[in-house]
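Please open the model in your viewer and keep the sequence panel beside it. The stops below are given in the order in which to select them.

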Amino acid sequence: MMEIQLEKETGLIEAILFLESEPQSEQNLARISEFSEDVVKLVLEKLKEKYAAEDSGIELVQIGGGWSLTPKKDLWNYLKERYGKKNEGKLSRAAMETLAIIAYSQPITRAEIEALRGVSADNMIRILVERNLIKEVGRKDIPGKPIQFGTTKDFLQLFQLNSIADLPKLDETESERFELAR
């Protein structure tokens, strides 16, 4: 009997995840579905197993603290031309470099970014803020109290990361590249 009921609940949670454009937290899924968080957790485990099957083109992933249905990574090369954000979504090499510096060194000031890049970062910071990939996260406690930047939930979503801790680890040479002479 519980299995039949869980199947209905699984269907509802699956439909909610399909219809929501943003990743959904377990609390949101419980609120929307009116199920307890314990039931939502059981359903998410069941859905993860379902989508782990080799013949499934979708997977259930945790992104930015929420759950989302996404195409499996190995299928993205076939899908990105039609379904990916085309040219307007692409970031220049300079913007990607600036974003990487911010992601690995956050919180970081404009001057610190420029010290690492060796060039002005004004335009790149403006572009990244406009795309909501970075935001002001505070002010550094030094004279002038410069603004510090960090990444956003949109950044995590774009790169399908659950948290900044999920960024790929840097080797020693790469790690030195992101270190400031403090």
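The tour goes from a helix to a sheet and ends in a loop.

This is a predicted model, in which local features need pLDDT of at least 70 and side-chain atom pairs count only at pLDDT 80 or more, while totals for chains, interfaces and linings use all residues. Residues are numbered from 1 along each chain as its sequence is written, and side-chain values use heavy atoms, with hydrogens and water left out.

Select helix α2, residues 26-33 (helices are DSSP runs of H or I with at least four residues, strands are runs of E with at least two, and both are numbered from the N terminus). Here E26, L29, A30 and S33 are buried, meaning under 20% relative accessible area with a 1.4 Å probe and protein chains only, where exposed is over 50% and partly exposed lies in between. These residues lie on the same side of α2 because they cover an arc of only 100° around its axis, taken from the directions from the helix axis to the C-beta atoms. Step on to E34, just after α2, and you find a positive phi of about 65°.

Next, select the three strands that form an open antiparallel sheet in the order β3-β5-β4; two strands pair if DSSP finds at least two bridges between them. The edge strands, each pairing on one side only, are β3 (108-109) and β4 (134-139). Five bridges join β4 to the antiparallel β5 (residues 147-151), and E136 has F149 in β5 as its bridge partner.

Finally, select S163, in the loop between α8 (153-158) and α9 (172-177). S163 counts as partly exposed because its relative accessibility is 27%. K153 is ten residues from S163 in sequence, and their C-alpha atoms are 8.7 Å apart.
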